Each structure stands twice: as C-alpha cells, then as structure tokens.
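Student: Please give me a close look at one part of this model. I would like the pocket, then the aromatic rings.

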Amino acid sequence: YCLARWPSNYILAPELHVKKGEAMLGLGKHNQALVEFKSAIRIKQNYSAPYVALSEYYLGIGNKEQAVIWLQEGIKKVPKSKKLKRKLMELEKVTN
C-alpha cells in the first residue's frame with residue numbers, strides 16, 4: 001500500500017523496498033524479492049541495505065561468487081560502509 005501511494009522520491013522508499021524484499025523472501029517469492037532489492041538500489045545507489053540483502057540472498061542459495069559481487073558493488077557505491085566491508089571480509093575468510 002505504502003509504495004503504491006507515496007511518490008517514488010519518498011525518503012523512506014528504499015527502506016520500504018528492502019523490507020518488502022525481505023518479506024517476499026520469507027514467502028518464498030525469490031524473484032519478487034530480487035526486484036524489490038534492485039528497486040531500492042535504483043532509487044538510492046548509496047544505500048547499503050539492499051546490497052547486504054542481495055549478498056545474503058545469494059549466499060543463502062549457495063552462490064558465494066554472486067554474494068561477493070554484490071558486496072563489492074555496494075562498497076563501490078558506499079565506500080564508507082563498515083557493514084559491507086565487514087560482510088565481505090567475513091565471506092572472504094570463509095571462502096579462503
């Protein structure tokens with residue numbers, strides 16, 4: 001309801017897309033979740049949460065390579081994000 005009613009430039013729209021994506025994952029609607037996470041990035045590229053969510057999704061399905069790619073992409077857009085850097089370091093430790 002919120003996403004349909006508020007303007008696309010609404011300040012909380014990226015967060016709403018991430019939360020909706022997480023809900024879609026919980027319902028097993030993976031494709032819709034990916035759409036929501038990518039919508040959040042399209043609206044606000046320098047917001048770390050959708051990159052983390054995408055990385056966790058891909059890690060959850062066993063695709064570590066794609067998980068790393070999304071974390072690296074996030075770090076390019078949000079270079080000061082400690083969370084993205086920490087997640088990438090943790091993932092690299094597991095894969096090495």
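Tutor: The pocket comes before the rings. The model is predicted: local features need pLDDT of at least 70, side-chain atom pairs count only at pLDDT 80 or more, and totals for linings use all residues. Numbering runs from 1 along each chain, and side-chain values use heavy atoms, without hydrogens or water.

The largest pocket holds about 160 Å³ of space. (A pocket is an open set of 1 Å grid points where a 1.4 Å probe fits, with protein on both sides within 12 Å along at least five of seven lines; lining residues have an atom within 4 Å of a point.) Its lining counts 13 residues, and Val-18, Glu-22, Ala-49, Val-52 and Ala-53 are the closest to the centre. Two elements each give two or more residues to this lining: helix H2 (13-26) and helix H4 (49-60). H2 gives the most, with five. By class, the lining has seven nonpolar residues, one polar and five charged.

Now the rings. There are two aromatic pairs (ring centres within 6.5 Å; planes under 30 degrees apart are stacked, over 60 edge-to-face, the rest tilted). Tyr-51 and Trp-70 have ring centres 6.3 Å apart and planes at 40°, so this pair is tilted. Tyr-51 sits in helix H4 and Trp-70 in helix H5 (residues 64-77), so the pair ties together parts 19 residues apart in sequence. Both Tyr-51 and Trp-70 are buried (under 20% relative accessible area, 1.4 Å probe). In the other pair, the rings of Tyr-57 and Tyr-58 have centres 4.9 Å apart and planes at 70°, so they are edge-to-face. Tyr-57 and Tyr-58 are both buried as well.

Note on methods: Points joined across faces, edges and corners; volume = space filled by probe spheres on them. Helix = DSSP H or I, 4+ residues; strand = E, 2+ residues; numbered from the N terminus. Nonpolar A, V, L, I, M, F, W, Y, C, P; charged D, E, K, R; others polar. Phe/Tyr/Trp six-rings, centres within 6.5 Å; stacked < 30°, edge-to-face > 60°. Buried < 20%, exposed > 50% of the residue type's maximum accessible area, 1.4 Å probe, protein only.
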